[in-house]
Protein chains: 2
Amino acid sequence: MEKKYLFSPGPTMLPPEVLLKMAYPIMHHREPEFEKIFSEIREGLKYLFQTKNEVLVFTSSGTGAMEGAVSNILSKGDKALVVRGGKFGERWGELCKAYGIEFIPIDVEWGTAVDLKQIQKILESDRAIRAVYIQASETSTGVRHPVKEIAEIVKKYENTVLVVDAITGIGVFDLPMDQWELDVVISGSQKAMMLPPGLSFAALNDKAWKFVEKSNLPKFYFDFKKELKNALKNQSSYTPAISLFVGLQESLRLIRKEGLEAVFKRHEMLAAATRAAVKALGLELYAPGSPSNALTAVKVPAGIDGIKLQNLFFEKFGITVAEGQDRAKGKIIRIAHLGYYERLDMIMVISALEMLLKEMGHTFELGKGVKAAEEILMG
Amino acid sequence: MEKKYLFSPGPTMLPPEVLLKMAYPIMHHREPEFEKIFSEIREGLKYLFQTKNEVLVFTSSGTGAMEGAVSNILSKGDKALVVRGGKFGERWGELCKAYGIEFIPIDVEWGTAVDLKQIQKILESDRAIRAVYIQASETSTGVRHPVKEIAEIVKKYENTVLVVDAITGIGVFDLPMDQWELDVVISGSQKAMMLPPGLSFAALNDKAWKFVEKSNLPKFYFDFKKELKNALKNQSSYTPAISLFVGLQESLRLIRKEGLEAVFKRHEMLAAATRAAVKALGLELYAPGSPSNALTAVKVPAGIDGIKLQNLFFEKFGITVAEGQDRAKGKIIRIAHLGYYERLDMIMVISALEMLLKEMGHTFELGKGVKAAEEILMG
């Protein structure tokens with residue numbers, strides 16, 4: 001028998017309620033029925049992003065909304081500050097480069113969070129910086145950056161906005177956009193939103209919209225102003241991925257039903273259990289200082305082939321865990337617990353990890369990881 | 001009982017086989033299983049586009065690939081020729097404008113095809129033009145432009161490429177990319193490809209790729225070169241809309257099974273029947289000279305409110321037909337027959353049109369439209 005399980009930080013496993021909705025006959029996006037769905041989605045997204053601002057929806061991967069957060073926020077000659085603590089931090093730099101934007105990188109050691117003092121120092125010494133680009137949760141390393149504290153620094157500069165890639169943050173841990181005064185928040189559908197990939201999201205506050213007004217970089221498909229104008233009429237600028245919108249209505253209902261606070265607590269518990277389990281097996285966390293509750297990055301122990309471990313997960317148990325990317329390739333595996341995951345899902349993946357590590361010759365007592373997880377999952 | 005029918009030129013009705021495939025549990029896009037799907041899709045798309053060139057797939061509406069056909073083909077200071085014979089022709093102009101590209105518009109009267117001599121004359125007199133942008137089928141007016149003949153003109157200019165928006169052309173009528181030497185061909189998923197919206201396509205020949213090599217306009221998400229590099233490894237640059245890819249595999253199989261020639265013949269028959277039917281009801285075609293087989297644009301007869309007619313289609317029969325856009329608003333309705341449509345589908349929409357027109361006071365003999373259609377549909 002072949003059963004398959006996703007423990008990758010996007011795409012993630014999906015609720016059957018959502019999958020089935022997406023198999024409904026397609027409706028037209030200019031019909032009142034779709035506009036009602038659109039309207040409900042807008043409210044649901046505001047709840048999820050904890051904001052009164054409009055949350056724009058684009059038919060694209062998360063990278064599309066990230067590109068928009070460069071091409072709509074900045075103008076020719078503007079300067080940016082980019083926190084590069086992983087593959088997705090690097091993407092902010094690549095995006096700036098593509099648009100001819102000069103940027104100062106803060107190269108953070110992979111597996112660690114950015115130093116607030118460095119941000120403070122650069123902003124203070126270079127008043128030409130118009131935007132700070134960061135990840136709330138860096139998916140390639142499993143690090144959570146201190147977004148709240150960074151926002152407190154950036155908000156002192158009226159000519160600088162904070163742009164937060166929260167693709168694996170929104171719906172995972174508390175990121176109250178309005179309360180923390182986050183200027184731009186980006187997300188994607190295939191993570192905690194419990195949807196297939198194909199939708200990206202961008203929310204902007206009033207401060208950020210002022211930057212959009214002035215922005216003169218070229219843009220068309222990811223034109224935030226145009227999208228806002230249409231969203232207020234429950235429409236998208238271009239034909240939207242209708243089936244994903246219909247799925248999103250359902251997944252936002254599931255999130256509302258559970259309640260954001262419970263959603264955050266669940267992620268916290270699953271993450272804590274996973275971290276406790278891998279430590280009980282004698283493994284080291286890749287991001288021990290500031291781990292994200294979206295995924296747990298684990299160092300592959302000495303003598304074990306990381307790529308082989310990842311392959312065996314799939315071959316022996318049908319489980320997809322993520323490997324390390326770029327400089328972390330072969331050195332870590334990443335176990336996701338964001339979205340449609342429950343306590344016993346984590347028991348499965350931890351048990352599989354135990355059996356594989358034992359087979360590969362790692363020394364530890366079988367069952368110890370599961371036990372450590374259970375102690376936390378019992379609540 | 002409420003049954004619903006889409007006769008809009010995108011989104012279109014979808015085969016249940018495709019819808020159900022999209023409800024399958026999601027798989028990871030870096031798994032061999034997905035790469036196999038990707039590989040089959042690549043072959044299927046080459047068959048559909050009648051090309052040996054790679055057909056790139058983007059997670060976006062069709063507009064995304066259109067934007068890429070500007071930002072990847074042109075460079076700063078380049079000039080373009082834009083055929084504007086409807087809303088989508090105008091979009092080419094808007095895209096050029098967004099990227100600071102100077103363009104010469106050929107403003108074609110809505111409902112008519114472009115005059116070849118005009119293209120010839122402008123290309124001859126202005127050797128700075130690097131690209132000609134056109135629609136194979138202008139969805140807003142129901143016009144088919146003479147792409148084959150335009151390609152014959154453009155190919156005489158080695159520093160000019162032809163970019164064809166074939167979003168409602170591919171899979172509808174014959175557009176052999178290689179044989180006709182079309183340089184760039186764009187399409188979208190929610191038309192004859194029998195999928196929900198969310199994927200766009202771009203195929204380039206060697207001549208066009210040389211333009212891409214030189215292009216210096218900013219681009220990132222719609223970076224053709226990067227996408228090609230990844231496609232050759234059965235990967236996409238960014239997380240793709242996995243469920244739509246899985247659906248695409250199925251719909252391409254359906255198209256191959258029917259065979260392209262049969263697909264074109266079916267569209268031709270449905271279009272001919274629809275045109276004959278509306279003429280039998282005393283209505284006029286909006287594009288009598290060069291109608292596209294993708295959709296039939298029909299002038300609303302004097303004394304009938306076009307918006308009301310469109311609304312009654314939905315209220316009384318659950319049918320979505322498209323209204324006129326911009327300057328054609330209220331003046332036409334557009335009945336689509338592209339994608340998953342069969343003879344009896346057209347009988348339904350023609351019958352509904354008869355009943356509604358009769359009710360609204362238009363003078364004609366009930367059943368005449370259906371009869372005219374049947375005479376053609378009997379083959």
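Okay, let me start with one pair of residues: B:Glu323 stands opposite B:Ile333, which sits in S13 of chain B. Keep in mind throughout that this is a predicted model.

So what are those two strands doing? Strand S12 of chain B, residues 319-323, and strand S13 of chain B, residues 332-336, run antiparallel and are joined by 2 bridges. Zoom out a little and you get an open sheet of 4 strands in chain B, ordered S1-S12-S13-S11, with mixed pairing. At the edges you'll find strand S1 (5-7) and strand S11 (295-299) of chain B, each pairing on one side only. Ignoring direction, neighbouring strands of this sheet are turned by 30° against each other on average. And there's a helix on it: helix H11 of chain B, residues 260-280, packs on the sheet and touches S11 and S13 of chain B. The direction of H11 makes about 10° with that of S11(B).

Now hop over to chain A. How is the open sheet of 4 strands ordered there? Again we read S1-S12-S13-S11, with mixed pairing. Strands S1 (5-7) and S11 of chain A are the edge strands with a single partner each, so one side of each has no neighbour in the sheet. From one strand to the next the twist averages 30°. In the middle, strand S12 (residues 319-323) and strand S13 (residues 332-336) of chain A pair in the antiparallel sense, over 2 bridges, and A:Glu323 faces A:Ile333 in S13(A). Here I'd like to point out another helix, H12 of chain A, residues 306-317: it packs on the sheet, touching S12 and S13 of chain A, and its direction makes about 165° with that of S12(A).

Let's look at chain A as a whole. Its secondary structure comes to 14 helices and 13 strands. The radius of gyration is 21 Å, close to the 21 Å from the globule rule for 379 residues, so chain A is as compact as a globular protein of that length. Along the principal axes, the C-alpha atoms of chain A fill a box of roughly 60 × 55 × 35 Å.

Next, domains. The assignment splits chain A into domain 1, which is 5-11 + 260-377, and domain 2, which is 16-257. Their centres, taken over C-alpha atoms, are separated by 27 Å. How many residues are in contact between them? 25 residues of domain 1 of chain A touch 25 residues of domain 2 of chain A. On the domain 1 side, the elements giving two or more residues are helix H11 (260-280) and strand S11 (295-299) of chain A. That side divides into 13 nonpolar, 9 polar and 3 charged residues.

Last topic, the two chains together. What superposes chain B on chain A? A rotation of 180° does, with 0.0 Å of shift along its axis and an RMSD of 0.0 Å. That's the relation of a two-fold axis. The contact takes 40 residues from chain B and 41 residues from chain A. On the chain B side, helices H1 (16-21), H3 (62-71), H4 (87-98) and H10 (242-258) each give two or more residues. By class, that side of chain B has 22 nonpolar, 14 polar and 4 charged residues. And 100% of the interface residues of chain B are also interface residues in chain A, so the copies meet through the same surface.

Notes
Residues are numbered from 1 along each chain as its sequence is written. Chains are lettered from A and ligands numbered from 1 in the order in which they are written. This is a predicted model: local features need pLDDT of at least 70, side-chain atom pairs count only at pLDDT 80 or more; totals for chains, interfaces and linings use all residues. Copies are superposed by least squares on the C-alpha atoms of residues with pLDDT of at least 70 in both. Two residues are in contact if their C-beta atoms, placed from the backbone, lie within 7 Å. Domain bounds come from an automatic or database domain assignment. Ala, Val, Leu, Ile, Met, Phe, Trp, Tyr, Cys and Pro count as nonpolar, Asp, Glu, Lys and Arg as charged, and the others, Gly among them, as polar. Two strands pair if DSSP finds at least two bridges between them. Axes are lines fitted to C-alpha atoms, for helices over the stretch in contact, and angles run from 0 to 180 degrees between N-to-C directions. The radius of gyration is taken over C-alpha atoms; the globule rule is 2.2 Å times the number of residues to the power 0.38.
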